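Colleague: I'm new to this one. Can you walk me through it?
Modeller: Sure, here it is.

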Amino acid sequence: MVKNLDHLKGIRTYLAGPISAVTDEEAKAWRNIASAALTQMGIIVSDPTQKEECAGLDEIGDDRVYLQMLKDTGKWYEHHKRVKKIVRADLKQVDRADFLIAYIPPDVPMVGTIHELVLANLQKKAVFAFSGCPRSQVNSWLLYLIGEDRVFETLENILEYVPTQSRKT
């Protein structure tokens with residue numbers, strides 16, 4: 001295990017993964033574990049389930065319920081305005097990140113996550129992903145987009161791997 005983590009201090013990561021297609025608890029649980037471990041390494045973490053600069057415009061909790069109500073009642077303009085702010089805030093965090101950690105479960109829709117991964121790929125940023133299943137069960141396009149050698153089965157595998165990487169990963 002790498003003991004000196006000075007090379008990680010001050011770098012930024014963004015935690016990409018499903019939010020709208022999972023429960024609030026599922027969206028937050030892995031991110032809370034990752035945030036705690038990465039912060040201990042000196043890494044600055046951006047978690048889209050905890051948007052301080054976008055208060056009141058989250059995809060979880062009461063905001064999730066409100067967004068659904070806007071869709072259910074056909075208030076498309078208001079819905080669009082709110083979602084636009086959420087998307088822009090998330091993509092801004094991808095822009096600011098040095099690398100991404102993504103949860104890519106094969107059986108969960110994740111439109112926003114795919115958008116974030118494509119943006120990171122276009123910006124030539126490293127992405128480390130975990131799927132909760134063997135790599136052979138991960139979508140081939142995602143394996144290509146992320147890189148087969150950066151797709152892991154568990155979050156714990158990534159948290160062990162990240163400290164071994166240089167700043168220029």
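Colleague: How much area does the chain expose, and what share do carbon and sulfur atoms supply?
Modeller: The chain exposes about 9500 Å². Carbon and sulfur atoms supply 54% of that. Accessible areas come from the Shrake-Rupley method with a 1.4 Å probe, and for residues only the protein chains shown count as cover.

Colleague: Where does the model come from?
Modeller: This is a predicted model, where local features need pLDDT of at least 70, side-chain atom pairs count only at pLDDT 80 or more, and totals for chains, interfaces and linings use all residues. Residues are numbered from 1 along each chain as its sequence is written, and side-chain values use heavy atoms, with hydrogens and water left out.

Colleague: How many helices and strands are there?
Modeller: The chain has 6 helices and 5 strands. Those are DSSP runs numbered from the N terminus: helices are H or I with at least four residues, strands are E with at least two. In sequence order the pattern is β-α-β-α-α-β-α-β-α-β-α.

Colleague: What about the overall dimensions?
Modeller: The C-alpha trace spans about 55 × 35 × 30 Å along its principal axes. The radius of gyration is 16 Å, which agrees with the value near 15 Å for a compact globule of 169 residues. That radius is taken over C-alpha atoms, and the globule rule is 2.2 Å times the number of residues to the power 0.38.

Colleague: What percentage of the residues count as buried?
Modeller: 45% of the 169 residues. Buried means under 20% relative accessible area, exposed over 50%, partly exposed in between (1.4 Å probe, protein chains only).

Colleague: Let's do strands. Why is β3 largely enclosed?
Modeller: Strand β3 covers residues 99–103, and 4 of its 5 residues are buried, so the rest of the structure largely encloses it.

Colleague: Which strands does β3 join?
Modeller: β1 (residues 12–16) runs parallel to β3, with 4 bridges. L15 stands opposite I101 in β3. β4 (residues 126–130) also runs parallel to β3, with 5 bridges. There, Y103 stands opposite F130 in β4. Strands pair if DSSP finds at least two bridges between them.

Colleague: And S46, buried or exposed?
Modeller: S46 counts as buried, because its relative accessibility is 12%. S46 lies in strand β2 (residues 44–46).

Colleague: What does S46 contact?
Modeller: Leaving aside neighbours within four places in sequence, S46 is in contact (heavy atoms within 4.5 Å) with T13, Y14, L15 and Q93.
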